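This report goes through one protein structure, part by part. Please look at the sequence and the model first.

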Amino acid sequence: MNYEDHLSDDAPVPEGGFALLNHFQQNGARQRVTSAAFDPYEELLWTGNVGGNVVSHYSPGAEKYTGYRTNLSGTRDLLIKEKCVISISQEGIHGNERTGRSMFHHTSRNLTDLSCIHHMPNAPHTVVVGGLQQTIVQFDVETLKEQRVVYLKQPNCLKICSNDKFIFSSDTGGKVTLRNSNTAEPISFIDCLYQGFITDFDICGNSLISCGCSNRYNADMCVKIFDLRTLRLKKHVNLEFSPHFCRFIPSDENKVVAVSQCGQLQVIDTSNDELSHDPMQIESTFGVDSIAISPSKQCIAIGDDGGYIHLFSDRAQPVFHENPNPTEFYQHDELTTHIPITDAMTPLGIVNLPINNNYLSDWPAHMCQKTYRNCAYNYGDRELSGCSIRKS
């Protein structure tokens, strides 16, 4: 599919920047898009909304792939595994296949107000969840059991990230805590110098970026960059707006995407002290509530409060994944003969059926063998002598 027509002539793609490629509704309900995640294995974009629905779209053309409901309280976050799509609600962890079939629903007294989920870096079948509660829970998606419950000294856990060495969690106190990658126990912390709370943070290499609020109401107009080797502030990048989200472009420690709740987006080169271009503005009256960056580094998906998804790209024909696994689609059976619903005379036998298929009316093979019927009574000469042949 050619996506060049989606790019506006008035907003060409700047060098090293992004432009709007496509925007579409998540589903017909127009509910707030609370979470977004690109599939790390297939060419799919997954989003969740406040109604508890999880919806996937195939490729930048936004062909709807699946849509299903996991809960009634709203989808808070998403995590895509190789064989499972995991979503969390306020009080539960839900797993589904990509086709939508339910795999599990887990609730417990340790899950009271969840808001984030992340995979354990050293355990492929274990996820860690947190939220506006004073516990972090490790959950095994294979055994469907809670492996460990970590009680927090911090007030809560708003977001969880990880690298090869540590797990990182943020809280409303303006700090990011470094945790053991196996047990999630605290090791150290970084004071991000916010009097309010951290709205977002991300990890790449030896750098941590964050954005947050200097007080309860006003967000800082900058992105702060910390060095994980010294746990100190390295620099901050001033912006023309107050960012609510900040993410690294995958595997690029010098490229950062900052997005405000009002829909302003800017790509920052942290190696350059000056901004290369002006921020872009999403043409929407709704606030931004979720963001995701594709594994190919070519697309940025932004979900808003009106149920719309805005897809940005740095090229006219992008892909979500450079080497995706094949996506399984339903194969539609095309009938060669069409019969009007009002036709009561045409026999249904004229419709050709596919060959090499098993039908419900098929008999077992052992009941379809050709054989001679055994006679139940052996007639002797006496009985046969009494028989006569009559000509009609």
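## A run of paired strands

Leu 114 stands opposite Gly 131 of strand E11. That strand covers residues 123-131, and its partner E10 covers residues 114-120. The two run antiparallel and are joined by six bridges. Two residues lie between E10 and E11, and the strands form a hairpin.

E11 also pairs with E12, again in the antiparallel sense, over four bridges. Thr 126 has Asp 140 of E12 as its bridge partner. Three residues make the connection in the hairpin that joins E11 to E12.

## Confidence in the model

The model is predicted. Its mean pLDDT is 87, and 88% of the residues reach 70 or more. Over residues 1-11 the pLDDT stays under 50, and for this stretch the model has 22 contacts beyond four places in sequence. Where pLDDT is low, predicted coordinates should not be read in detail.

## Nonpolar cores

The largest nonpolar core is made of 15 residues. Those with the most contacts inside this core are Val 257, Val 259, Leu 265, Ile 300, Ile 302 and Phe 312. Four strands each supply at least two of the core residues: E23 (255-259), E24 (264-269), E26 (288-293) and E27 (299-304). E26 gives the largest share, three residues.

Beyond four places in sequence, Ile 300 is in contact with residues including Phe 18, Val 257, Leu 265, Ile 291 and Phe 312. A second core, separate from this one, has 14 residues, among them Ile 88, Ile 93, Ile 117 and Phe 139.

## Aromatic pairs

The structure holds five aromatic pairs. One of them is formed by Phe 38 and Phe 320, edge-to-face, with 4.9 Å from centre to centre and 70 degrees between the planes. Phe 38 belongs to strand E2 (residues 33-38) and Phe 320 to the loop between strand E28 (308-313) and helix H1 (381-385), so this pair ties together parts 282 residues apart in sequence. Both Phe 38 and Phe 320 are buried.

Phe 104 and Phe 139 form a tilted pair, with centres 5.9 Å apart and planes at 45 degrees. Phe 104 lies in strand E9 (residues 102-106) and Phe 139 in strand E12 (residues 135-140), 35 residues apart, and the pair links these distant parts of the chain. Phe 104 has a relative accessible area of 7% and Phe 139 one of 0%. Both count as buried because these values are under 20%. Elsewhere, ring pairs link Tyr 58, Tyr 65 and Phe 329 into a cluster.

## Charges over rings

Two lysines are placed over aromatic rings. The charged end of Lys 159 sits over the ring of Phe 201, at 5.6 Å from its centre. Lys 224 lies over the face of Tyr 194, and here the distance to the ring centre is 4.1 Å.

## The surroundings of Tyr 68

Tyr 68 is located in strand E5 (residues 63-69). Is Tyr 68 buried or exposed? Its relative accessibility is 10%, so Tyr 68 counts as buried.

Outside its neighbours within four places in sequence, Tyr 68 is in contact with Trp 46, Gly 52, Asn 53, Val 54, Val 85, Asn 96, Glu 97 and Gly 100. Of these, Asn 96 is 28 residues away along the chain, and its C-alpha atom is separated from that of Tyr 68 by 9.2 Å.

Terms used
Residues are numbered from 1 along each chain as its sequence is written. This is a predicted model: local features need pLDDT of at least 70, side-chain atom pairs count only at pLDDT 80 or more; totals for chains, interfaces and linings use all residues. Side-chain values use heavy atoms; hydrogens and water are left out. Buried means under 20% relative accessible area, exposed over 50%, partly exposed in between (1.4 Å probe, protein chains only). Contact means heavy atoms within 4.5 Å. Rings of Phe, Tyr and Trp (its six-membered ring) pair if their centres lie within 6.5 Å; planes under 30 degrees apart count as stacked, over 60 as edge-to-face and the rest as tilted. A charge sits over a ring if NZ of Lys or CZ of Arg is within 6 Å of the ring centre and within 35 degrees of the ring normal. Two strands pair if DSSP finds at least two bridges between them. pLDDT is the predictor's confidence in each residue, from 0 to 100. A nonpolar core is a set of buried Ala, Val, Leu, Ile, Met, Phe, Trp, Tyr and Cys residues joined through side-chain atoms within 4.5 Å.
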